Amino acid sequence: MIKNILIGAAVIVAAVLLFKFCDFKKSDEDAISYNTNLIQQQIVNVGKLVVTEGHFSEVITYKNQQKYLLDMVSFEKKALIVVNADVTVAYDLHQMKYDIDEKNKTITIVSIPKEEIKISPDIQFYDVEQSKLNPFTGDDYNKINKQVKANLAKKIAKSTLKSNAQNRLISELSKILILTNTMGWKLQYEGKVIETEKDLGQQVKL
């Protein structure tokens with residue numbers, strides 16, 4: 001009788017322990033699933049178009065000569081050109097690729113899209129001088145447009161526009177870093193664990 005009671009009690013205790021173990025395991029799995037979904041949602045929130053805008057102006061003089069009769073006669077055309085350009089530097093974070101390792105609680109940024117620079121110049125001509133033997137043509141306008149964009153590209157490279165755009169990019173990516181740090185996860189990029197925003201800025205080479 002006592003033996004049966006002891007066996008029955010042991011079975012009950014084992015059942016309770018098994019139930020608690022299964023419940024704990026289920027709770028742990030639910031927590032991992034919740035955390036993963038939260039991280040994925042944050043990445044979706046970060047996945048947007050980050051745009052930094054700038055404005056540049058310049059004045060150039062365009063000249064061209066056409067020579068005839070063994071270069072004894074020449075016809076020149078020239079113009080004063082005023083350029084006002086709107087420039088945008090954009091990062092499309094919809095294209096960012098990443099990997100989530102639930103087991104090791106690690107997010108790895110696989111790739112970050114390169115910047116997209118868009119130059120929209122408004123070109124105005126002043127003091128235009130030309131002749132019928134050397135008029136302005138479509139070829140001249142193409143050359144001018146090419147020169148304008150080359151000059152603007154140099155100005156953009158020397159300006160703070162690109163660095164400002166990169167700072168905005170780092171700021172957006174830091175939202176993922178803050179969440180992973182808060183949840184006890186790790187953020188990796190190019191084989192290195194990112195612990196601070198400074199690390200992120202140094203590691204993200206653009």
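This briefing describes the fold, the nonpolar core, one helix, the aromatic cluster and several individual residues of the protein shown above.

The model is predicted. The protein contains four helices and seven strands, which follow one another along the sequence as α-β-β-β-β-β-α-α-β-β-α. Of its 206 residues, 30% are buried.

**Overall fold and surface**

- Among contacts with a separation of 6 or more, 73% join residues 24 or more positions apart.
- The exposed surface of the protein amounts to about 13,600 Å², and carbon and sulfur atoms supply 54% of that area.

**The largest nonpolar core**

- The largest nonpolar core has 41 residues, and Ile 39 and Ile 107 touch the most other members.
- Two or more residues of this core come from each of helix H1 (2-46), strand E1 (49-68), strand E2 (73-92), strand E4 (106-111), helix H2 (138-158), helix H3 and strand E6 (186-189).
- Helix H3 gives the largest share of the core, with nine residues.
- Beyond its neighbours within four places in sequence, Ile 107 is in contact with Ile 39, Ile 43, Asp 99, Ile 100, Ile 176, Thr 180, Trp 185, Lys 186, Leu 187 and Gln 188.

**Helix H3**

- Helix H3 covers residues 161-183, a run of 23 residues. At 1.5 Å a residue its expected span is 33 Å, and its end C-alpha atoms lie 34 Å apart, so the two values agree.
- A kink of about 25° is centred on Leu 173 in this helix.
- Leu 173 is also one of the buried residues of H3. The others are Leu 161, Ala 165, Leu 169, Ile 170, Glu 172, Ser 174, Ile 176, Leu 177, Leu 179, Thr 180 and Met 183.
- Ile 176 and Thr 180, both buried in H3, are among the contacts of Ile 107.
- Gly 184, just after H3, has a positive phi of about 80°.

**Aromatic pairs**

- There are four aromatic pairs in the structure.
- A pair of aromatic rings is described by the distance of the centres and the angle of the planes. For Phe 125 and Tyr 141, the ring centres are 5.2 Å apart and the planes meet at 85°; because an angle over 60 degrees counts as edge-to-face, this pair is edge-to-face.
- Phe 125 belongs to strand E5 (residues 116-129) and Tyr 141 to helix H2, so this pair ties together parts that are 16 residues apart in sequence.
- Both residues are partly exposed: the relative accessible area is 28% for Phe 125 and 41% for Tyr 141.
- Tyr 62, Phe 125, Phe 136 and Tyr 141 are linked by ring pairs into a cluster.

**Gly 47, between H1 and E1**

- Gly 47 sits in the loop between H1 and E1. Its relative accessibility is 13%, and because buried means under 20%, Gly 47 counts as buried.
- Not counting residues up to four places away in sequence, Gly 47 touches Leu 93 and His 94.
- Gly 47 is 126 residues from Leu 173 in sequence, yet their C-alpha atoms are 9.3 Å apart in space. Leu 173 is the residue on which the kink of H3 is centred.

**Positive phi outside glycine**

- Most residues other than glycine have a negative phi. Lys 105 has a positive phi near 50°, and Asp 127 likewise has a positive phi near 50°.
- Lys 105 is located in the loop between strand E3 (97-101) and E4. With a relative accessible area of 37%, Lys 105 is partly exposed.
- Asp 127 lies within strand E5, the strand that also holds Phe 125. At 58% relative accessibility, Asp 127 counts as exposed, because the term applies over 50%.

**His 55 in strand E1**

- His 55 is part of strand E1. Leaving aside neighbours within four places in sequence, His 55 is in contact with Asn 84, Ala 85 and Asp 86.
- His 55 and Asp 86 are 31 residues apart along the chain, while 4.7 Å separates their C-alpha atoms.

Conventions: Residues numbered from 1 in each chain as written. Predicted model: local features only at pLDDT ≥ 70, side-chain atom pairs only at ≥ 80, totals over all residues. Heavy atoms only, no water. Expected span 1.5 Å × (residues − 1). Bend = angle between axes of the 7 residues up to and from the residue. Buried < 20%, exposed > 50% of the residue type's maximum accessible area, 1.4 Å probe, protein only. Core = buried A, V, L, I, M, F, W, Y, C linked by side-chain atoms within 4.5 Å. Contact = heavy atoms within 4.5 Å. Areas by Shrake-Rupley, 256 points an atom, 1.4 Å probe, with all protein chains shown as cover. Phe/Tyr/Trp six-rings, centres within 6.5 Å; stacked < 30°, edge-to-face > 60°.
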